[in-house]
Amino acid sequence: MAVQQNKKSKSKKGMRRSHHHVSIPAVVLCSCGNPNLPHAVCPACGKYRGRSYSNAAE
Ligand SMILES: [Zn+2]
């Protein structure tokens, strides 16, 4: 098992963890007015780029 030779300081720990934040996902508005993830079928109306891809709407 690998064992660390020297303890990382609080400063170095903070530097490492400065990249650990979670980014907020981008949101676009669908033509139906509901918020939606980009490049994804709208969960509310089942459409993407004007075409319907939901099985329930057929
Ligand atoms: Zn929609």
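**Exercise 1. Set the radius of gyration of the protein against that of a compact globule of 58 residues.**

Solution. This is a predicted model, in which local features need pLDDT of at least 70, side-chain atom pairs count only at pLDDT 80 or more, and totals for chains, interfaces and linings use all residues. Step one: the radius of gyration is taken over C-alpha atoms, and the globule rule is 2.2 Å times the number of residues to the power 0.38. Step two: a compact globule of 58 residues would come out near 10 Å, but the protein has 22 Å. Step three: along the principal axes, the C-alpha trace spans about 65 × 25 × 15 Å.

**Exercise 2. State the order of helices and strands along the sequence.**

Solution. Helices (H or I, at least four residues) and strands (E, at least two) are DSSP runs, numbered from the N terminus. The protein has 1 helix and 4 strands, and their pattern reads α-β-β-β-β.

**Exercise 3. Is methionine 1 buried or exposed?**

Solution. Residues are numbered from 1 along each chain as its sequence is written. Methionine 1 belongs to the segment before α1. A residue is buried if 20 or more other C-beta atoms lie within 10 Å of its own, exposed if 12 or fewer, and partly exposed in between, with C-beta atoms placed from the backbone. Methionine 1 has 2 other C-beta atoms within 10 Å, so it is exposed. Its C-alpha atom is separated by 37 Å from that of isoleucine 24, 23 residues apart along the chain. In the protein, buried residues make up 3% of the 58 residues.
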